[in-house]
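Pull up a stool and let's walk through this one together, a question at a time.

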Amino acid sequence: MKAFTLKIFIKDCSIMNSFNHSSLPVLAPLEQFYALTREYELSELESMTPAQIKALISSTQLPSMIVPKEFGGLEMPMKDALEVVYSVAMVCPSAALMLCMHFHVVSTISMYPNSFQFAGPLLKDISENNALVASAFAESSGNQDIFHTSVAATSTEEDYIIISGSKKPCTMSHVADYFAVSIITAEGIPGVAIVSNGSEGLERKPFWPGDILKSTDSHEVIFNNVIVPNEWSVLAQDDSFEMYLSTGLVNFNLFIGAAYTGVCKSLVGRLNPAALQAPSIFIPVTGTLAQCRYSVCGLSHKVAPENLEWLVPEVLSLRYQIQKSLKDVRNIVFESIGAHKYLSDDTAHYLSRTIDLLAFHPVTQFGFEQQLKN
């Protein structure tokens, strides 16, 4: 690489200081998002309300980019969605986390549309109205089975079920258009229900205790005898249901890996560009981030039923390695950022604390290790 080219590349690594989006991946929906956000600093975006963040997303084609064309979507590959989440995270981490929840549900339903009665109307609403779907699957305990649910479903003689229970934290708890909820019957049969925002019996309870990612609107969502039409739910009939859950688990971990890598790239952008000219900084930082970014993108085309047996543990192991790698990069940044900036750059500290949150998304490493023992 010529010295001039290298200098340009190093300069691009500091894009978040000037919000120059030119070096980021460009897809039409992503460019729409850039146009809406380029006048804002990251701290300003992270201070917006959840409704404002949702409006930024819903004003673009991001919600429908991976929806199949037969349902009105753009049908872009999952790799593009991972690149989008990575790039959005550099600009606004809260928006990226919202997209993670939406995309992992939508990507799973889009893979098996004939298995869900609600796939057609749900995916069409996303395409036509940029609706967003919240993921109400996992719960906050660090050592229980990822597929455990406390939301009970009661069948009726009519054409609906009644669900009761809660999920916390649930991102987009107030602003989502739909909630994809994991449920279980009294007979122990698991399932999934799609609940529309505004349904009677849907309540929220404040949960998020910290000041990081508050704009993700992550609280406890309570389902108090919520009526769900049968066509908007599915109960496990055979082993295929485990396949759907495993697909969703893989997709979720790929998306959050991409998102937090983008957050870390934004943190690297807080460095003085001159610092990146030192090989002892440039090589481990750039190499580590590239490895994290392209590893999740590279596995995206492997998401298929025949690969799930080996793909689930491999993706989870990759996710835990990404957690470690991003913390290593974070340490390099703070060792090299300089005392004055370390003491005065609130955005750098915000991004640093955000990176730590990756470790707490399901499945936690401790929880996965406990399952391996069994």
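What follows is a chat about cysteines, a cavity, a helix and some strands.

Guide: Quick heads-up: this is a predicted model, where local features need pLDDT of at least 70, side-chain atom pairs count only at pLDDT 80 or more, and totals for chains, interfaces and linings use all residues. Residues are numbered from 1 along each chain as its sequence is written, and side-chain values use heavy atoms, with hydrogens and water left out.

Visitor: How many disulfides does a search of the whole structure find?
Guide: A disulfide here is a pair of cysteine sulfur atoms within 2.5 Å. Searching the whole structure on that basis gives a count of 0.

Visitor: Which cysteine has the sulfur nearest to that of C92, and how far away is it?
Guide: C92 is in no disulfide. It is also buried, with a relative accessible area of 0%; buried means under 20%, exposed over 50% and partly exposed in between, using a 1.4 Å probe and protein chains only. The nearest cysteine sulfur is 12 Å away, in C100.

Visitor: Why is there no bond from C170 to the closest cysteine sulfur?
Guide: C170 is buried too, at a relative accessible area of 1%. Its sulfur makes no bond because the closest cysteine sulfur, in C100, is too far off, at 14 Å.

Visitor: Which helix gives the largest share of the lining of the second largest cavity?
Guide: A cavity is a set of points on a 1 Å grid over the protein atoms alone where a 1.4 Å probe fits but cannot get out, and lining residues have an atom within 4 Å of a point. N253, L254, G257, V296, V315, L318, R319 and I322 form the lining. Helix 9 (240-268) and helix 11 (308-336) each give two or more residues. The largest share, 4 residues, is from helix 11.

Visitor: How far apart are the end C-alpha atoms of helix 11?
Guide: Helices are DSSP runs (H or I, at least four residues), strands are E runs of at least two, and both are numbered from the N terminus. The expected span is 1.5 Å times one less than the number of residues, so the 29 residues of helix 11 should span 42 Å. The model agrees with that, at 41 Å.

Visitor: Which residue in strand 7 is the bridge partner of G165?
Guide: Two strands pair if DSSP finds at least two bridges between them. Strand 3 and strand 7 (residues 219-229) are antiparallel, with 8 bridges. Opposite G165, the partner in strand 7 is F223.

Note on methods. On a 1 Å grid over the protein atoms alone, a cavity is a set of points where a 1.4 Å probe fits but cannot get out, and a pocket is an open set with protein on both sides within 12 Å along at least five of seven lines; lining residues have an atom within 4 Å of a point.
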